[in-house]
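Please look over the structure shown below. The paragraphs after it lead from the interior to the ligand and then to single positions along the chain.

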Amino acid sequence: MSESRKKVTTRTLAKMKQEREPIAMITAYDYPTAMIAEQAGADLLLVGDSLGMVVLGYDSTIPVTLDDMIHHTKAVTRAAKHSMVIADIPFMLAHLSKDEVLRAGARLMQEARAYGVKLEGGSEIISNIQALTMAGIPVMGHLGLTPQSVNQLGGYLVQGKDVETAQRLLEEAKGLEEAGVFSLVLECVPEELAQMIAESIHIPVIGIGAGRYCDGQVLVIHDVLALGGDWHPSFVKVYGEIGKAMKQGVQTYVQEVKQRAFPEASHVSHLSSDLIEQLYGSKEGDK
Ligand code: KIV
């Protein structure tokens, strides 16, 4: 990516929607994944609370804490010079008091240097979203399949498949726009509904498992690169088999250590013969 590349802002994204330029967002959780995504030209890096599942080994996003998010977002923002970094507000915080959600947003921006935050939910958290946007904190919404509510939803299932829930999602999206969110993630909804929502609101709609007609797409980097094993959701396209390559590399390293094939001559440094003599000499002298 050229150094002349400009920093992505909320205005950049609004313009991209207006000009129908697709927005590319991907998750990042540490310095190397952020560096790779930034250098690959991603417009947005999402420090998603998927962190809990793909990096920390939990079976859902629920155990992820604000401190986890801050720790990982700090590493991502150190690498991101141009891409916009958005950090997830973790489980439950969005539903607590206005003060608590404001404090969480402030910590993610001040300590971790995120550009803004993402919150899962609609009308039930609208007053907290308004408080954040009124305090100058850029907010990205998240509707459809909201993984923090996985236990209540009964699994990672496509949302908005009947008239009532589809209409509710459309209304929620309009409500979030009114509350001041600058963008909206729409997860696991039928393509036709995602298109209707993207065409009904003025802010960029970024889809994940939401079809081809959103204003942008987001995927989890571990899925895109097959970093965490062979399984991935059906809406994911795998662009690299990095997990396999890493395992193969480490297996070869382990074998070579065990066979004394590593280190080789080129990996070794030497003492000068003078120094060797002095060292042996002093050893002799010690006796
Ligand atoms: O946590 C996350 O990675 C997300 C994306 C799946 C949108 O919220």
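**From the core outwards**

The largest nonpolar core has 74 residues, and the members that touch the most other members are Leu-44, Leu-45, Leu-119, Leu-184 and Ile-197. Helix 8, residues 163–179, gives the most to this core, with six residues. The model is a predicted one. In soluble globular proteins, nonpolar side chains tend to be buried together.

Leu-184 shows how such a core member is surrounded. Leaving aside neighbours within four places in sequence, Leu-184 is in contact with Met-140, Gly-141, His-142, Leu-143, Ala-173 and Leu-176, among others. Its contacts also include Ile-197, itself one of the five residues that touch the most other core members. Further along the chain, Ile-201, Ile-203, Pro-204, Val-205 and Ile-206 are in contact with Leu-184 as well.

Next comes the ligand. Which residues surround the ligand? Thr-27, Leu-46, Gly-48, Asp-49, Ser-50 and Asp-88 are among them, and so are Lys-118, His-142, Val-185, Glu-187 and Ile-208. Three side chains can be followed to oxygen atoms of the ligand. In Ser-50, a side-chain N or O atom is 2.5 Å from a ligand oxygen. For Lys-118, a polar side-chain atom lies 2.8 Å from an oxygen atom of the ligand. In Asp-88, the distance from a side-chain N or O atom to an oxygen of the ligand is 3.2 Å. The ligand taken alone exposes 260 Å², and the protein buries 96% of that.

One of the residues around the ligand, Glu-187, also appears in a record: an unreviewed UniProt entry lists Glu-187 under "active site". Glu-187 belongs to strand 6, which covers residues 183–187. Is Glu-187 buried or exposed? Its relative accessible area is 11%, so Glu-187 is buried. Not counting residues up to four places away in sequence, Glu-187 touches His-142, Leu-143, Gly-144, Leu-145, Pro-147 and Ile-208. With His-142 there is also a polar contact between the two side chains, at 2.9 Å. His-142 is itself among the residues that surround the ligand, and His-142 is in contact with Leu-184 too.

Directly after strand 6, the chain enters the loop that leads to helix 9 (191–200), and Cys-188 is found in this loop. Phi of Cys-188 is near 50°, a positive value in a residue other than glycine. Cys-188 is buried because its relative accessible area is 8%, under the 20% limit.

His-142 also leads to Gly-121, as Gly-121 is in contact with His-142, Leu-143, Thr-146 and Leu-176, leaving aside neighbours within four places in sequence. Gly-121 sits in the loop between strand 4 (116–120) and helix 6 (126–134). With a relative accessible area of 7%, Gly-121 is buried. Between Gly-121 and Lys-237, which are 116 residues apart in sequence, the C-alpha to C-alpha distance is 26 Å.

Thr-61 has contacts with two of the residues that surround the ligand, Asp-49 and Ser-50. Met-53, Pro-147 and Gln-148 are also in contact with Thr-61, again leaving aside its neighbours within four places in sequence. The loop between helix 3 (51–54) and helix 4 (66–79) holds Thr-61, and at 2% relative accessibility Thr-61 counts as buried.

Ala-24 is placed in strand 1, residues 23–27. Why is Ala-24 described as partly exposed? The relative accessible area of Ala-24 is 38%, and partly exposed covers the range between the 20% and 50% cut-offs. Setting aside neighbours within four places in sequence, Ala-24 is in contact with Ala-42, Asp-43, Leu-44 and Gln-217. Along the chain, Ala-24 and Ile-206 are 182 residues apart, while 8.5 Å separates their C-alpha atoms.

The last stop is the loop between helix 11 (242–258) and helix 12 (273–286), where Pro-263 has its place. The peptide bond from Phe-262 to Pro-263 is cis, with omega near 0°. Arg-260 lies in the loop between helix 11 and helix 12 too. Phi of Arg-260 is near 55°, a positive value in a residue other than glycine. Arg-260 is exposed, with a relative accessible area of 75%, whereas Cys-188, also with a positive phi, is buried.

Technical notes: Residues numbered from 1 in each chain as written. Predicted model: local features only at pLDDT ≥ 70, side-chain atom pairs only at ≥ 80, totals over all residues. Heavy atoms only, no water. Core = buried A, V, L, I, M, F, W, Y, C linked by side-chain atoms within 4.5 Å. Buried < 20%, exposed > 50% of the residue type's maximum accessible area, 1.4 Å probe, protein only. Helix = DSSP H or I, 4+ residues; strand = E, 2+ residues; numbered from the N terminus. Contact = heavy atoms within 4.5 Å. Near = heavy atom within 4 Å. Polar contact = N/O pair within 3.5 Å; in protein donor to acceptor, adjacent residues only side chain to side chain. Areas by Shrake-Rupley, 256 points an atom, 1.4 Å probe, with all protein chains shown as cover. UniProt positions renumbered as here; feature names shortened; annotations may be inferred.
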